[in-house]
Amino acid sequence: MGYSVGQVARFAGVTVRTLHHYDEIGLLRPSERSAAGYRRYSDPDLDRLQQVLFYRELGFSLEEIAVILDDPGMDQVTHLRRQHELLRRRIGRLEAMAAAVERAMEARKMGISLTPQERFEVFGDVDPEQYAEEAEERWGGTDAFEQSRRRTARYTKDDWRAVTAEAGEVLQAFAAAFAEGAPADGERAMDVAERHRAHITRWFYDCTYEIHKGLGEMYVTDPRFAANYERVAEGLSRYVRDAIHANAAPHA
């Protein structure tokens, strides 16, 4: 006998009125009717409703969805693959937006005073405050946090440009060493790790070798920070961690 309109509404988390509307416009017509004339939905009807709701969540209009679903060249698997790709793109955009919001919150915490245009110009994909906050949260580095706060509060737009440019150079040096097969515990990678430690010390707070090792671990275990390296090259975050540990070993 299929499913009643009320049952389908509960399954799908929509209203009965919505299902009636989909029927009226021909987007989702129930395959069956009861003896009394009530709508009854079959399993294929539920599959179509799922597709409708997926595409609605992705921002398609009902008219666009009707054209897509009635395309004879599109089967269920093709729809799911397309929706998966669209959802991955949306997730990427949302993650980028979330990162931008995090950078804005960090700038507020650290007393950075830049215009909106300057923030977009300067920060880009780099969050220069991540080190100070993580030091305070993970290692109780109150002194480091306050030191970073005092320094960065005085930075101008040109200062922040210099910070991000230098950070980008260090990242590219790590990426080049990794791509060319230089061992993480070799002289080249360790030299870049020391440049990275010096960068933090120069611009934010006194980064000891022990703190630096903690940062290296964070780059692997914390997805927020691992992404900074993994989007450059898969496996780069572990390479950076290993280089940092190798560089710190003689100073233990």
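Is Asn 247 buried or exposed? Asn 247 is buried, with a relative accessible area of 9%. The legends below describe close-up views of a predicted model.

**View 1. The chain as a whole combines helices and strands.** The chain has 13 helices and 3 strands. It holds 252 residues, and buried residues make up 40% of them. Take the contacts with a separation of 6 or more: residues 24 or more positions apart account for 59% of these.

**View 2. Asn 247 sits in helix α13.** This helix covers residues 236-248. The relative accessible area of Asn 247 is 9%, under the 20% limit, so the residue counts as buried. Leaving out residues up to four places away in sequence, Asn 247 touches Met 190, Ala 193, Glu 194 and Tyr 209.

**View 3. Helices α12 and α13 pack against each other.** Helix α12 spans residues 223-230. The two axes lie 7 Å apart, at an angle of about 100 degrees. The helices are therefore roughly perpendicular to each other. From α12, the contact uses Ala 226, Tyr 229 and Glu 230. From α13, Leu 236, Ser 237, Arg 238 and Val 240 meet them. By class, this contact has 4 nonpolar, 1 polar and 2 charged residues.

**View 4. Arg 224 lies in helix α12.** Its relative accessibility is 40%, so Arg 224 counts as partly exposed. Arg 224 and Glu 95 are 129 residues apart in sequence. In space, their C-alpha atoms are 9.8 Å apart.

**View 5. The largest nonpolar core has 29 residues.** Phe 174, Leu 215, Tyr 219 and Tyr 239 touch the most other members. Five helices each supply at least two residues of this core: α9 (157-179), α10 (187-203), α11 (209-221), α12 and α13. The largest share, 7 residues, comes from α9. Another core, of 17 residues, lies apart from this one. Among its members are Ala 9, Leu 28, Leu 58 and Leu 69.

**View 6. Tyr 239 has contacts beyond its sequence neighbours.** Residues up to four places away are not counted here. Tyr 239 touches Phe 174 and Phe 178. It also touches Ala 177, Ala 182, Pro 183, Ala 184 and Ala 189. Both Tyr 239 and Phe 174 are among the residues that touch the most other members of the largest nonpolar core.

**View 7. Three strands form an open sheet.** The strand order is β1-β3-β2, and the pairing is antiparallel. The edge strands are β1 (3-4) and β2 (32-33), each paired on one side only. Strand β3 covers residues 39-41, and 2 bridges join β2 to it. Arg 33 has Arg 39, in β3, as its bridge partner. Strands of a sheet pair through backbone hydrogen bonds. Helix α3, residues 43-57, lies across β1 and β3. This helix runs at about 80 degrees to β3.

**View 8. Tyr 55 lies in helix α3.** Its relative accessibility is 0%, so Tyr 55 counts as buried. Neighbours within four places in sequence are left aside in the contacts that follow. Tyr 55 is in contact with Phe 60, Ile 65, Ile 68, Leu 69 and Met 74. His 79, Arg 82 and Gln 83 are also in contact with Tyr 55. Tyr 55 and Ile 65 are 10 residues apart in sequence and 6.6 Å apart in space, C-alpha to C-alpha. Leu 69 is also one of the residues in the core of 17.

Notes: Residues numbered from 1 in each chain as written. Predicted model: local features only at pLDDT ≥ 70, side-chain atom pairs only at ≥ 80, totals over all residues. Heavy atoms only, no water. Helix = DSSP H or I, 4+ residues; strand = E, 2+ residues; numbered from the N terminus. Buried < 20%, exposed > 50% of the residue type's maximum accessible area, 1.4 Å probe, protein only. Contact = heavy atoms within 4.5 Å. Axes fitted to C-alpha atoms, helices over the stretch in contact; angles between N-to-C directions. Parallel < 35°, antiparallel > 145°, perpendicular 65-115°, else oblique. Nonpolar A, V, L, I, M, F, W, Y, C, P; charged D, E, K, R; others polar. Core = buried A, V, L, I, M, F, W, Y, C linked by side-chain atoms within 4.5 Å. Pairing = 2+ DSSP bridges.
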